[in-house]
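Visitor: I would like a close look at one part of this model, namely the surroundings of one of its bound ligands. Please take me through what lines that site and where those pieces come from.

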Amino acid sequence: MKRCLTLLMFAVVAGILLTIQPVVASAATVCIECHGKLAGELGEIPVAHWETSIHARHRVSCHDCHGGDPTDYAMAMTAERGFIGVPAYEDIPAFCGRCHVGVEEDYRESLHGQVLSFGGPHCATCHDNHAVQVATIDLINEISCSRCHSYERPARIREQISATEQMLTRLESSIASLYRVGVDTSRFQEDLFATRNSFRRLFHSVDIDKIRAETARFDEDLEQTRTALSELEETLGTRKLVGGALVLLLLLGGCIGLLIKRTYDKD
Ligand code: HEC
Ligand code: HEC
Ligand code: HEC
Ligand code: HEC
Ligand code: HEC
C-alpha cells in the first residue's frame, strides 16, 4: 500500500514536471544563459532590464531584436545565423519598426524622424532599449522631453490628448463591468481596441495641429461608443427593474394564495 502511494506520488510529480519543462525550455536561451553571467552593460543591465519589460511578457527575447541563434552556444552571435548585433543610432527606428510598422511610419514623417541624423530622438530615447514598458501618456514628461528643447510644446500635446485618454480609460472600465455581469461586449471591445491603437500611434507625429484635428475625430468615435454603452446600461437597468417588480408580484400572489388556502382549510 505504502509503495503504491509512493509510486502514485512519483507519477504525479513527473507529470507536473513534464508539463512545465517545455515552457521553461522555450523561455531560456543560450543568449540569456551566457549574458546573464556577464557584468554591467554586457549582461547584468540588459538582462535585468529586459526581464521587467513588456517584451519579456510577450516572449520577445534577445534574439528577436538582435538576431542570432538562441539554441547554439558556439554559433549564437555569427552573421551566418542572422546576428545583427547593436544597431547604430540612426538604424534604431528600422530595428524596432520591423515589428511596429505603423508607428515607424508616423515617426518617419514627423519632425523627430526627419532630424534623426542631427540628434533627433529615436524609439529607445523615449521608450528605453531593454526596459520597454506599456506606453502611456506619462512618457510625455518634463524630464524626458526637455533633454533637447523646452517643455512648452510637449506640454500642449499632453494636454491635447489627455481628455481623450481619460475617456478611453472610462469606457474600458464600463465595458469591463458589463462583461463581469455576463453581457456580450465583444463588439464594444473591438471598436475600442481599434480606436485605441490608432489613437496611441498619433503621438509620434508630434504635430500639434494634426493631433488637435484628429483628437476631435477620435472624440466623436468614442462619443458614439459611449452613447451605445449607456443605452445598453439603461436597458439593462430597466430590465432589472421590470424583473424585480415581477418577482415581487409573484411573491405577493403566492402569499395571497396561501392566505386564501388557509382560510378555506380552516373552514
Ligand atoms: C557563450 C557566451 C555568449 C552567448 C551564448 C551569447 N553571447 Fe552575446 N556576447 C557575449 C560576449 C562575451 C560579448 C562581448 C564581446 C563581443 O562583442 O564579442 C557579447 C556581445 C553581445 C552584444 C553586443 C555586441 C556589440 O557589438 O557590442 C549583443 C547585442 C549580444 N551579445 C547579443 C547576443 C544574443 C542575441 C545572443 C543569442 C542569440 C548572444 N549574444 C549569445 C557572450 C555571449
Ligand atoms: C526590444 C528589442 C531588444 C531586446 C528584446 C533586447 N535588446 Fe539589447 N539592445 C537593443 C537596442 C535598441 C540596443 C542599442 C541601444 C542604444 O544604442 O541606445 C541594445 C543594446 C544591447 C547591448 C549593448 C550594450 C548597451 O546596453 O547598449 C547588449 C550587450 C544587449 N543589447 C544585449 C541584450 C540581451 C542579452 C538581451 C536579452 C536579455 C537583449 N539585449 C534584448 C534592443 C533590444
Ligand atoms: C519623443 C518620444 C517618442 C519617440 C521618439 C517614440 N515614441 Fe513611441 N510613444 C511615445 C509616447 C509618449 C507614447 C504614448 C502615446 C499615448 O499614450 O497616446 C508612445 C506609444 C508607443 C507605442 C504604443 C502604441 C500603441 O499602438 O499602443 C508603441 C508600440 C511605440 N510607441 C513604439 C515606438 C517605436 C517603434 C518608435 C520608433 C520608430 C517610437 N515609439 C518612438 C513616445 C515616443
Ligand atoms: C520582434 C518584434 C519586436 C521588436 C523588434 C520590437 N518589439 Fe516592441 N513589442 C513587440 C510585441 C509583440 C509587443 C507586445 C504586444 C503589443 O503591445 O503590441 C511589443 C510592445 C511594445 C510596446 C508597448 C506597446 C503598448 O501597447 O503600450 C512598446 C512601447 C514597444 N514595444 C517598443 C519597442 C521598441 C522601442 C523597440 C526597439 C528597441 C521594439 N519595441 C522592438 C514586438 C517587438
Ligand atoms: C534627443 C532629443 C529630443 C528629445 C528627447 C525630444 N525631442 Fe522633440 N524635437 C527634437 C528636435 C531636434 C526637434 C526639431 C527642432 C525643434 O523644433 O526644436 C524637435 C521637435 C519637437 C516638436 C515640434 C514638432 C513640429 O512639427 O513642430 C515637438 C512637438 C516635440 N519635439 C515634442 C517632443 C516630446 C513630446 C518629447 C518627449 C516625449 C520630445 N519632443 C523629446 C529633439 C528631441
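Guide: What follows is a walk around ligand 3, with a short look at ligand 2 for context. Please keep in mind that this is a predicted model. Around ligand 3 there are 25 residues, of which Cys123, Cys126, Ala135, Leu139 and Arg200 come nearest. Sorted by class, this shell holds 13 nonpolar, nine polar and three charged residues. Four helices each supply at least two residues to the shell, namely helix 6 (92–97), helix 7 (101–109), helix 9 (123–127) and helix 12 (186–202), and the largest share, four residues, is that of helix 9. In terms of domains, at least three residues of the shell come from domain 2 (87–133), and at least three from domain 3 (150–267).

Helix 12 deserves a look of its own: its 17 residues reach 25 Å from the first C-alpha to the last, close to the 24 Å expected at 1.5 Å a residue. Its buried residues are Phe188, Leu192 and Phe199, and because these cover an arc of only 35 degrees around the axis, they lie on the same side of helix 12. The other side of helix 12 carries exposed residues, which are Ser186, Arg187, Glu190, Phe193, Ala194 and Asn197.

As for ligand 2, 22 residues surround it, the closest being His35, Pro46, Cys62, Cys65 and Asn129. Helix 6 gives two or more residues to this shell, as do helix 2 (30–35), helix 3 (44–51) and helix 5 (62–66). Since domain 1 (14–84) and domain 2 (87–133) both give residues to the shell, ligand 2 lies between them.

Conventions
Residues are numbered from 1 along each chain as its sequence is written. Chains are lettered from A and ligands numbered from 1 in the order in which they are written. This is a predicted model: local features need pLDDT of at least 70, side-chain atom pairs count only at pLDDT 80 or more; totals for chains, interfaces and linings use all residues. A residue is near a molecule or strand if its C-beta atom, placed from the backbone, lies within 6 Å of it. Ala, Val, Leu, Ile, Met, Phe, Trp, Tyr, Cys and Pro count as nonpolar, Asp, Glu, Lys and Arg as charged, and the others, Gly among them, as polar. Domain bounds come from an automatic or database domain assignment. The expected span of a helix is 1.5 Å times one less than its number of residues. A residue is buried if 20 or more other C-beta atoms lie within 10 Å of its own, exposed if 12 or fewer, and partly exposed in between; C-beta atoms are placed from the backbone. The arc is that of the directions from the helix axis to the C-beta atoms.
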